Amino acid sequence: MSGRTRHIVPVVLRDTTQWPELDPSCLGKARGNYEARREAILMYLDGSSFDAIRERTGKSSDEVRRLLKRCIAPAYDGRIFGFRALGPNVRVSRYDRRAPILHLPGCGSAGCAGALSQLFERLPEVKEYIDDLVLKRPMVGEVHEARIRYVDIRAAFIREIRKAGLTDDDWPFNTQDHALRSLTEYCKKLSESNLDRWVSSRCGTEASRRRGLGKGLRPLINALRAFDIVQLDFNCVDAASVIILANQYGVEMKLPVARWYIGVLAEVSSGAIIGIQLTLESTPSADSVLETIESALRPHELSEGDARLRYTPDGKILINVLLPEYAWKAFAVLQLDNAWAHRAIDVVNNIIEVTGCAINFGPVRAWWRRNFIERLFSTLSGRGLKRSPSTYGANAQDTTRDDPNGQALRFEIRLSELFAIIFGVVRDYNLRPTERLMGASPTDVLRAVQSNAESNYLPQPIPLDQVKYGRMFWHAVECTVRGNISKHYRPYVRTDRCRYTNEILSSRYDLVGKKLLMYIDRRHVRNACATVVETGEMLGDMIPEARWAREDYSVPQRKLFNKIALANVGEIENDPIGMWRREKGLSRQGKTKSKTKSPRSSKTALAIAKRVTSRPDSQSSPTVSADDRLVQSDAPQTDLFGIKHTPVMRPVKYGGRNDKS
């Protein structure tokens, strides 16, 4: 190495392998000049003498220094220009106009390059005012528009420069568009130095939320093995239906519904659907989240003849049934969005305690951070319910939308039919080869992972005690013990309009008024147990009342039955007592009310009234037996009490003989 040390380049920029490059094959005739410039820079940084550089590349010392300053100049992308500055027609600094503007009115904008920058240098307060308008910075005494137009920015610009004293002979008043084109280009270039604020003010809040998307960075957490990362979310079903439920007596009840939700748990590496839950709620609840997780752990085969198996005859839908070796297998990371149901304390605590996984919440209202499961929902909807005649479509303008509620009622599209369609689509998805998996299906990939001893799959089984006795995913509700020892009403609890008790609770009057934590199997409401909240004492299995114990119902089904039953309690069509009351009210119209008070009832009056009403003929007098002490009076029938006439006393026989005393 010869020559003095080059101090023009900072130490952090000495590594030229990190400089941005150009592809010489794209430069055409300018390729030779570019390669000569690049070699001159490299020789200079290696310590070669200027004589050697001139002899090899033809570049003088001044030319080399000028080119090197261009290379280390900051670029628009936050880096230096690097070797990009050596290409043809590359401007590394903005044009600064120094010459005055000599322009005649009506001659267009020719000869006015750099006029706006020159004006902003003279009037920096105007530049700051325009920047505040474009970027919506806080301004004293002004409220920003939702999205200000460029012509309105030009109007504000004209007002400000008029205040500064510019006349019609000055630029921009001597041009045809009064600087509209120059000002528009300047406002757009503000995005280079203030990208986030410019996007928020000019493109809207939704575009601003995507500022972290597509930066070209590698994800910090990657799905390297099967069951490393799973994603859970709920999708609103856009098809109207009629819920037809048959109770244990065989009576069918109809309940039209507009929208409900499908909960899906998907494995990211293979793309398989490992859990699914159909929830008939206006908004998914914490119970719906736990049921979706449980469906991925517990293998659940539907019984033969179930209407939901119309398009899945073998009943095998999810991975834990298609591949039994994945039953009761946990996962490492669960990715969720920030829905309220996902952030519930019971959801987070139960999932972590049972599976031991880490929970990763995505940013608020950023669906693209969970793009895998969003694409999955789009695939399932496109193959299934969007093809239904009762679909709502993507929006109100969707051409596939054709009176969805009317179609559901016309064809009586039952909920079980929609369930059968969804289950069939999920099974088809898990078994269908895809391009993403290089011609394999999700089930094929997981089967190969399980059978290949050299794969990096690490099984994460749920502990046996949780599998056998675990009730962490059961529906938990706090209930108050009811009962009354003085009336001998035995203690019980009530939830979802259903009584639960057992032999232990029914004899524990000391628990009346205290809280019990009821655990109810979400799929079988007749399976339940209880714990005393205050002491933690376990009361064992609870028995529901007979109507819920005879048949096998789930928690959502019981809620639906209760909802239908309460909705059907209306006005009684044949109301005898109501009809009688209306008839009595009509018969009393027109009569004057008596001003006398109603006589008091007494035992004597009741006894006489009983005698009167007990006669066979209502017109005859009361019948009196010979053994009575009171003898019938000779008074007329109008004097029932014998007040106006003295009764005739006659002898009464006692013991078969006359007593005349």
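Here a student and a tutor talk through a predicted model, asking what lies behind each label.

Student: Let's begin with the sheet. What makes strand 5 and strand 7 the edge strands?

Tutor: The open sheet has five strands in the order 5-4-1-6-7, with mixed pairing. Strand 5 (273-279) and strand 7 (358-361) each pair on one side only, and that makes them the edge strands. Neighbouring strands in this sheet are turned by 20° against each other on average, direction ignored.

Student: How do you know that strand 6 and strand 7 pair?

Tutor: Two strands count as paired if there are at least two bridges between them. Strand 6 (residues 333-336) and strand 7 have four bridges, in the parallel sense, so they count as a pair. For one residue, look at Val333: its bridge partner in strand 7 is Ala358.

Student: Which helices lie against these strands?

Tutor: Helix 10 (residues 286-297) lies across strand 1 (229-237), strand 4 (260-267), strand 5 and strand 6, and runs at about 145° to strand 5. Helix 13 (residues 371-383) packs on the sheet too, where it touches strand 1, strand 4 and strand 5. The direction of helix 13 makes about 45° with that of strand 1.

Student: Why are Phe227 and Tyr326 called a stacked pair?

Tutor: Ring centres must lie within 6.5 Å for a pair, and planes under 30 degrees apart count as stacked. For Phe227 and Tyr326 the values are 5.2 Å centre to centre and 15° between the planes, so both conditions are met and the pair is stacked. Phe227 sits in the loop between helix 9 and strand 1, while Tyr326 sits in the loop between helix 11 (319-322) and strand 6, 99 residues apart. Both residues are buried.

Student: How many aromatic pairs are there by this rule?

Tutor: The count comes to eight. Ring pairs also link Phe120, Phe157 and Tyr186 into a cluster.

Student: What makes Arg499 a charge over the ring of Tyr492?

Tutor: The CZ atom of an arginine has to be within 6 Å of the ring centre and within 35 degrees of the ring normal. Arg499 lies over the face of Tyr492 at 3.8 Å from the ring centre, so the distance fits the cut-off. Arg38 likewise lies over the face of Phe83, at 4.5 Å from the ring centre.

Student: Why is Cys357 called buried?

Tutor: Buried means under 20% relative accessible area. Cys357 has 4%, so it counts as buried. Cys529 is buried as well, with a relative accessible area of 5%. The structure holds zero disulfides.

Student: And is Met438 buried or exposed?

Tutor: Exposed means over 50%. Met438 reaches 80% relative accessibility, so it counts as exposed. Met438 also has a positive phi of about 60° although it is not a glycine, and it is found in the loop between helix 15 (415-431) and helix 16 (442-451).

Student: Why is Arg497 called partly exposed?

Tutor: Partly exposed covers values between the 20% and 50% cut-offs. Arg497 has 41% relative accessibility, so it counts as partly exposed. Arg497 has a positive phi of about 60° too, and its place is the loop between strand 10 (489-495) and strand 11 (498-501).

Student: Where is there a cis peptide bond?

Tutor: The bond from Trp171 to Pro172 is cis, with omega near 15°. Pro172 is found in the loop between helix 6 and helix 7.

Technical notes: Residues numbered from 1 in each chain as written. Predicted model: local features only at pLDDT ≥ 70, side-chain atom pairs only at ≥ 80, totals over all residues. Heavy atoms only, no water. Helix = DSSP H or I, 4+ residues; strand = E, 2+ residues; numbered from the N terminus. Axes fitted to C-alpha atoms, helices over the stretch in contact; angles between N-to-C directions. Contact = heavy atoms within 4.5 Å. Phe/Tyr/Trp six-rings, centres within 6.5 Å; stacked < 30°, edge-to-face > 60°. Buried < 20%, exposed > 50% of the residue type's maximum accessible area, 1.4 Å probe, protein only. Disulfide = S-S within 2.5 Å.
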